[in-house]
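Hello,

Here is the structure I said I would pass on. My notes on it follow below the model.

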Amino acid sequence: MGLHHHDEVVLLLGAPGAGKGTQARFLADTLGIPHVASGELLREHRAMGTDLGVLAQEYMDRGDLVPDAVVVDMIADRLDEPDAEHGALLDGFPRTLAQAEALERRLADRGGEVRTAIYVEVPTDVLIERLAGRWMCRVCQTAYHEVFNRPTVAGVCGACGGELYQRPDDKREVVSNRVAVYLRDTHPVVERYARAGVLKRVDGNQSIEAVKDALLEAVGQDAAIPA
Ligand code: AMP
């Protein structure tokens, strides 16, 4: 009837450093929906020097959130692309109650809803250690860690061959602000979906493989079948 059916909107919630980005591509592929990461989209805008990228820069460098209206429009545009017609895995969005409400209104207009919100839980001290040792691919944004998840070749992305760099917002001073912003602005979003009865909690303080299996269970898929 010409309506889009966003029947598979799955949210991946968790603090910075919880491992959302590391798991998201694989999870999206498993679910057969695109991976839509607000932080990645914003970094792409910055790299391209768009107006949005220029506006976002100062917020991102401080570890503050980019204003809701801007991020909501960016995600709405992304969800209008044909590959997202049947849903998406949203990573890093919504980060505030206002963003969550805007998303829910948009989905409701199209007969859709948030099907599942997955919360990847990691203790704060572990988050800070992970972020401070993180290296990221400039090209495909795959994350590595200098101790816990080393690239096979130092400085080179194992997925695409791109150059690895340390995100400026992974500096220790900025990291603690990002975690504080998360607790103040984003944790209420987690509580909202817990109250709505759609929250699935996953212990993110385990190996990458163990978290992957827990995520598959959370979305009702079988554990990973070795390739
Ligand atoms: P991330 O890659 O998810 O850690 O995001 C990096 C930065 O982009 C954040 O620290 C924010 O400054 C900004 N950002 C990403 N997603 C959002 C969002 N949903 N709302 C506001 N700002 C965001």
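The largest cavity in this model, which is a predicted one, has a volume of about 70 Å³. β1 (9-13) and α7 (172-195) are the elements that give two or more residues to its lining. The residues lining this largest cavity are Leu-12, Leu-13, Gly-14, Ala-15, Pro-16, Lys-20, Gly-92, Phe-93, Pro-94, Arg-95, Tyr-182 and Thr-186. By type, the lining of the largest cavity divides into seven nonpolar, three polar and two charged residues. With a cut-off of 30 Å³ or more, the count comes to one cavity.

There is also open space to look at. The second largest pocket holds about 270 Å³. Of the 14 residues lining this pocket, Arg-43, Glu-44, Arg-46, Ala-47 and Tyr-165 are the closest to its centre. Two helices, α2 (38-48) and α3 (51-62), each supply at least two residues of the lining of the second largest pocket. The biggest share comes from α2, which gives four residues. In the lining of the second largest pocket, six residues are nonpolar, one is polar and seven are charged.

Now the protein as a whole. Its secondary structure consists of eight helices and eight strands. The radius of gyration is 17 Å, close to the 17 Å that the globule rule gives for 227 residues, so the protein is as compact as a globular protein of that length. The C-alpha trace spans about 50 × 45 × 30 Å along the principal axes. Of the 227 residues, 47% are buried. The accessible surface amounts to about 11400 Å², and carbon and sulfur atoms account for 51% of that surface. As for contacts between residues at least 6 apart in sequence, 70% of them join residues at least 24 apart.

Three local sites are worth listing.

The first is helix α6 (residues 124-132), in which Val-126, Leu-127, Arg-130, Leu-131 and Ala-132 are buried. What covers these buried residues of α6 includes β5 (134-137), β6 (143-145) and α7.

The next is Val-174, which is found in helix α7, an element that also contributes to the lining of the largest cavity. Is Val-174 buried or exposed? Its relative accessibility is 9%, and because the cut-off for buried is under 20%, Val-174 counts as buried. Apart from neighbours within four places in sequence, Val-174 is in contact with Asp-61, Arg-62, Gly-63, Pro-168 and Asp-169. Between the C-alpha atoms of Val-174 and Ala-143 the separation is 18 Å, with the two residues 31 apart along the chain.

The last is Arg-78, in helix α4 (residues 68-79). Arg-78 has a relative accessibility of 13%, so it counts as buried by the cut-off of under 20%. Which residues does Arg-78 contact, leaving aside its neighbours within four places in sequence? They are Pro-34, Val-36, Leu-41, Asp-83 and Ala-84.

To recap the open and closed spaces: the largest cavity is about 70 Å³, with β1 and α7 giving two or more residues each to its lining, and the second largest pocket is about 270 Å³, with α2 giving the most to its lining.

Regards

Definitions and conventions
Residues numbered from 1 in each chain as written. Predicted model: local features only at pLDDT ≥ 70, side-chain atom pairs only at ≥ 80, totals over all residues. Heavy atoms only, no water. 1 Å grid on protein atoms, 1.4 Å probe; cavity = no way out; pocket = protein on both sides within 12 Å on 5 of 7 lines; lining within 4 Å. Points joined across faces, edges and corners; volume = space filled by probe spheres on them. Nonpolar A, V, L, I, M, F, W, Y, C, P; charged D, E, K, R; others polar. Buried < 20%, exposed > 50% of the residue type's maximum accessible area, 1.4 Å probe, protein only. Contact = heavy atoms within 4.5 Å. Rg over C-alpha atoms; globule rule 2.2 N^0.38 Å. Areas by Shrake-Rupley, 256 points an atom, 1.4 Å probe, with all protein chains shown as cover.
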